[in-house]
Amino acid sequence: MRKNIAILCVIILAFSCKDEQKEEGGKLNVVTTTTMITDLVENIGGDNIELKGLMGSGVDPHLYKASEGDVSKLVNADIIFYNGLHLEGKLVEVFEKMGSQAKTQIALAEALDKSTLIGSEYFASNYDPHVWFDMGYFKTFAKRVTEVLSEKDPENAANYKQNEKKYLEKLDELQSKLSATIETLPKEKRTLVTAHDAFNYFGKAFDFEVVGLQGLSTATEAGVQDVQKLAAFIIEKDVKAIFVESSVPKRTIEALQAAVKSKGHDVAIGGTLYSDALGNAGTIEGTYIGMFEYNVNTIVNALK
């Protein structure tokens with residue numbers, strides 16, 4: 001309750017002090033939530049925008065709570081880009097408190113055809129929010145970002161469009177490359193077991209059977225029965241490796257590995273995958289393209 005009051009006070013104070021002018025140099029002040037969206041907007045906006053990302057490497061967007069500094073960034077933004085579909089569940093409260101006084105808030109997933117999304121009776125939005133693992137959806141995100149930036153900053157619209165064109169070409173190249181890599185893995189070995197169900201869109205796009213220990217949201221803990229049930233599945237399917245996720249505690253997968261071993265079988269931990277957040281800034285895994293390629297190589301090499 002006290003934190004809610006504090007956030008509301010910060011919002012009121014920030015609005016009372018907000019200057020309606022843009023950042024120095026007339027650049028749009030853009031705020032993003034997840035690292036995937038930050039990387040995307042950086043590729044499209046380039047030097048024409050002032051960009052601030054709220055979440056860093058290894059941060060779980062399901063559980064992320066806004067700090068007072070985050071609220072100030074959000075209030076002073078000209079544009080806020082976020083995933084939507086309740087991925088940033090605890091930030092929605094802040095967006096609601098900002099209300100109509102806020103600048104442009106863009107839930108990128110709203111641009112997607114809902115009839116094509118993966119549903120879930122266990123998640124608040126009734127849709128799996130991890131849509132960035134379908135590159136087709138991420139391309140739609142890129143187009144939407146370009147539209148919004150161009151609308152708010154028409155002087156630089158040509159630059160945004162050119163940046164979008166270059167980025168979409170890179171995504172096309174990546175898609176072809178990853179498809180070729182995955183084709184080296186026999187279909188009967190394409191069973192992906194991870195800490196939570198972040199990879200369903202990946203599985204749909206690349207023909208993998210995907211099973212997550214915790215379900216779609218990391219806000220729910222896996223119970224003993226969940227671990228035992230998945231251990232039996234791993235043995236039945238003769239799965240060679242299971243995977244840790246960078247934004248989910250390692251202990252859940254280690255408990256699963258121990259459960260398999262207790263039944264007289266062995267399963268390796270095939271490595272750490274990047275699911276809800278990219279790797280460290282300045283590394284290959286710190287970009288969407290680098291993260292996707294790293295994940296695919298890690299999965300294919302471990303399951304072979």
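**Figure 1. The lining of the second largest pocket divides into three nonpolar, 10 polar and two charged residues.** This close-up, like the others here, comes from a predicted model. The pocket has a volume of about 230 Å³. Of its 15 lining residues, Thr35, Thr38, Leu278, Ala281 and Gly286 are the closest to the centre. If you would like a landmark, try helix H2, which gives the most to this lining, with four residues. A word on how such spaces are found: rolling a probe the size of a water molecule over the atoms shows where empty space is left.

**Figure 2. Helix H2 also belongs to a right-handed β-α-β unit, together with strands S1 and S2.** Here we stay with H2, which spans residues 35-45, and bring in the strands of the unit. S1 covers residues 28-32 and S2 covers residues 49-53; the two run parallel and are joined by five bridges. To find your way across the pair, look for Thr32, whose bridge partner in S2 is Gly53.

**Figure 3. Four strands form an open sheet in the order S2-S1-S3-S4, with parallel pairing.** Which strands lie at the edges of this sheet? They are S2 and S4 (104-107), each of which pairs on one side only. From one strand to the next, the twist averages 20°. Further in, S1 pairs with S3 (residues 79-82) in the parallel sense, over three bridges. Val30 is a handy marker for this pairing, as its bridge partner in S3 is Ile79.

**Figure 4. Strands S5 and S6 run parallel and are joined by four bridges.** Strand S5 takes in residues 191-194, while S6 takes in residues 209-212. Val193 has Val211 as its bridge partner in S6. Follow the side chains along S5 and you will see Thr191 and Val193 pointing one way, with Leu192 and Thr194 pointing the other way. Are these four residues buried or exposed? All of them are buried. Helix H7 (residues 200-206) joins S5 and S6 in a right-handed β-α-β unit.

**Figure 5. Strands S7 and S8, with helix H9, make another view of a right-handed β-α-β unit.** H9 spans residues 251-262. S7 and S8 (residues 268-273) pair in the parallel sense over five bridges. Among the residues to pick out is Ile242, whose bridge partner in S8 is Ile269.

**Figure 6. Leu85 and Asp238 each have a positive phi in a residue other than glycine.** As a reminder, most residues other than glycine have a negative phi. Phi of Leu85 is near 60°, and phi of Asp238 is near 55°. Where does Leu85 sit? Its place is in the loop between S3 and helix H4 (92-98). Leu85 has 8% relative accessibility and therefore counts as buried, since that value falls under 20%. Asp238 is found in the loop between helix H8 (224-237) and strand S7 (241-245), so this view leads back to the strand shown in Figure 5.

**Figure 7. Arg144 lies in helix H5 and Lys165 in helix H6.** H5 runs over residues 135-152, and H6 over residues 157-182. Arg144 counts as partly exposed because its relative accessibility is 27%. Between Arg144 and Ala107 the distance is 9.8 Å, C-alpha to C-alpha, though the two are 37 residues apart in sequence. Lys165, at 47% relative accessibility, also counts as partly exposed. Its C-alpha is 9.3 Å from that of Lys143, and the two lysines are 22 residues apart in sequence.

**Figure 8. Thr116 lies in the loop between S4 and H5.** Why does Thr116 count as partly exposed? The reason is its relative accessibility of 29%, because partly exposed residues fall in between the buried limit of 20% and the exposed limit of 50%. Tyr127 is 11 residues from Thr116 along the chain, and the C-alpha atoms of the two are separated by 10.0 Å.

Technical notes:
Residues numbered from 1 in each chain as written. Predicted model: local features only at pLDDT ≥ 70, side-chain atom pairs only at ≥ 80, totals over all residues. Heavy atoms only, no water. Pairing = 2+ DSSP bridges. Right-handed = clockwise from strand over helix to strand, strands pointing away. Buried < 20%, exposed > 50% of the residue type's maximum accessible area, 1.4 Å probe, protein only. 1 Å grid on protein atoms, 1.4 Å probe; cavity = no way out; pocket = protein on both sides within 12 Å on 5 of 7 lines; lining within 4 Å. Points joined across faces, edges and corners; volume = space filled by probe spheres on them. Nonpolar A, V, L, I, M, F, W, Y, C, P; charged D, E, K, R; others polar. Axes fitted to C-alpha atoms, helices over the stretch in contact; angles between N-to-C directions.
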